[in-house]
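Work through the exercises below with the model open beside you, and try each task before you read its solution.

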Amino acid sequence: MRIIPTEAEAADLRGQALDFCYKTIPSTVRGLERQGTMSDGDSGAFFQALGMAGWIGRHWPVEYGGRSATHVETAIVDEALGYARAPLSAYLLSVKVFGNSLMLFGTAAQKSKYLPMIAAGDAMFCQGFSEPMAGSDFGSLRTTAVKSGDEYIVNGHKIWTSSAEVATHMYLAARTDPQAVKHRGISLFALDMKTPGITVNSFPTLGGGVLNEVFFENARIPAENLLGDENRGFHQAMRSLDLERSCMDRVGAARLSLDRLVEYVGQDGSDGAGGRLGDVKAVQEKIGELRTKLQVARSFGYLIARNLDAGKGVSAEFSFGKLYVGLLTQAIADATVDIVGTLAQFEHGSAHAIFDGLFPAVYRASPALTLAGGSSEIQRGVIAVRGLGLPR
Ligand SMILES: Cc1cc2nc3c(=O)[nH]c(=O)nc-3n(C[C@H](O)[C@H](O)[C@H](O)COP(=O)(O)OP(=O)(O)OC[C@H]3O[C@@H](n4cnc5c(N)ncnc54)[C@H](O)[C@@H]3O)c2cc1C
């Protein structure tokens, strides 16, 4: 039986995860300014280090490389990884999106093949869902996978693919029945990125990392790599997107940003005239408001984890958490720049940088949180329609 950790066990687990990050991050990433990004090459090196140390997929069954840990334990670890501002793109896509989806609709053979490789840090997945004309409107995707004997032949173009530059595999959505109405003819696949016919182009982002576009020209996938039912991929992908929207790493990152703001405004001289910004009533009130919201986000994240452990259905709640934490992270970044002023502008590497340039890194990276995994507008729609039963 799965046991929810006690307060002391939770604190111990959190401490161990943070220690791991603080020891590992300096050797696997190039500098703090890159840690505010959603995706960069560092996330691959960090993912492998996580796997070697046994931090990946702990909630999966032992036979699939996990430790049968609770979702609450995973939430504690995710919050700690976020708090350490670890580069998590490869971890999130491999574990939360692909691995957890495979647990829901993969065959026993597929689980046995991929999950232990992911848990060991050896297989790293990117997510090939979005296309130039199919982001929010996922059902419009045009990349095709045509069955030919015991293979599918893939042609098309994906975009905004985080971590494709380091991934060993892709979790691919492609159209397998061009005659069917648009939500019906889509299927999901596991694709080896070394397959001939795949080209990856990286481009820099506002957050300081990279995103990718991926082109397929007659790339062949063995039919056994079809995930779930052929042509039922739309509904399975919606479930995968739910899983992507679980948010404890983002709660941890938001908490670090706010902790550092509190630390800074408490310092003598933080007002630029020998006094403390933290003595200003308006600053106290703003920080008090943000701290309250952060506590709501955190409690909600752990409520989702407890419900998963209790076997309760969780769906629109993921959208609530994602929407809330994305907006909160932006609000903290905006308030920091507003309160700290000019000194919040100095980047990593500058002699004037506060906390090694954390504040501008978070400010630049925060808008992406309201887009990646589905925009805020889409989350509001999910909450209204799926959560509250309003008409589609
Ligand atoms: C940092 C980052 C990482 C990403 N990583 C990946 C990845 O690894 N894999 C992947 O597949 N994709 C990835 N994406 C893509 C992401 O999923 C899409 O950007 C997102 O779904 C929005 O799609 P779009 O960019 O095509 O915008 P559009 O769908 O064109 O939307 C543009 C605007 O219109 C609004 N809008 C669209 N439709 C509606 C509607 N029905 N109701 C109300 N408003 C609407 C949107 O909210 C948005 O503000 C990433 C994006 C970012 C920013």
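The exercises that follow deal with a pocket, a ligand and two annotated spans. This is a predicted model, in which local features need pLDDT of at least 70 and side-chain atom pairs count only at pLDDT 80 or more, while totals for chains, interfaces and linings use all residues. Residues are numbered from 1 along each chain as its sequence is written, and side-chain values use heavy atoms, with hydrogens and water left out.

**Exercise 1.** Describe the lining of the second largest pocket and explain where the pocket lies.

*Solution.* Begin with the term: on a 1 Å grid over the protein atoms alone, a pocket is an open set of points where a 1.4 Å probe fits, with protein on both sides within 12 Å along at least five of seven lines, and lining residues have an atom within 4 Å of a point. Next, count the lining, which comprises 28 residues, with His59, His71, Asn100, Leu243 and Leu308 nearest the centre of the pocket. Sorted by class, this lining of the second largest pocket holds 15 nonpolar, 8 polar and 5 charged residues. Then turn to the helices (DSSP runs of H or I, at least four residues), where α4 gives the most to the lining, with 6 residues. Finally, because domain 1 (7-124) and domain 3 (245-387) both give residues to the lining, the second largest pocket lies between them.

**Exercise 2.** Find the polar contacts of the ligand with Phe129, Ser162 and Glu377.

*Solution.* A polar contact is a pair of N or O atoms within 3.5 Å. Start at Phe129, where a polar backbone atom is 3.1 Å from an oxygen atom of the ligand. Move on to Ser162, whose side chain has an N or O atom 2.7 Å from a nitrogen atom of the ligand. End at Glu377, where an N or O atom in the side chain is 2.6 Å from an oxygen atom of the ligand.

**Exercise 3.** State the helix and strand content of residues 126-217 and of residues 231-386.

*Solution.* Residues 126-217 are 0% helix and 50% strand (strands being DSSP runs of E, at least two residues). Residues 231-386, by contrast, are 66% helix and 0% strand.

Technical notes:
Ala, Val, Leu, Ile, Met, Phe, Trp, Tyr, Cys and Pro count as nonpolar, Asp, Glu, Lys and Arg as charged, and the others, Gly among them, as polar. Domain bounds come from an automatic or database domain assignment. A polar contact is a pair of N or O atoms within 3.5 Å; within protein, one must be able to donate a hydrogen and the other to accept it, and residues adjacent in sequence count only if both atoms are side-chain atoms.
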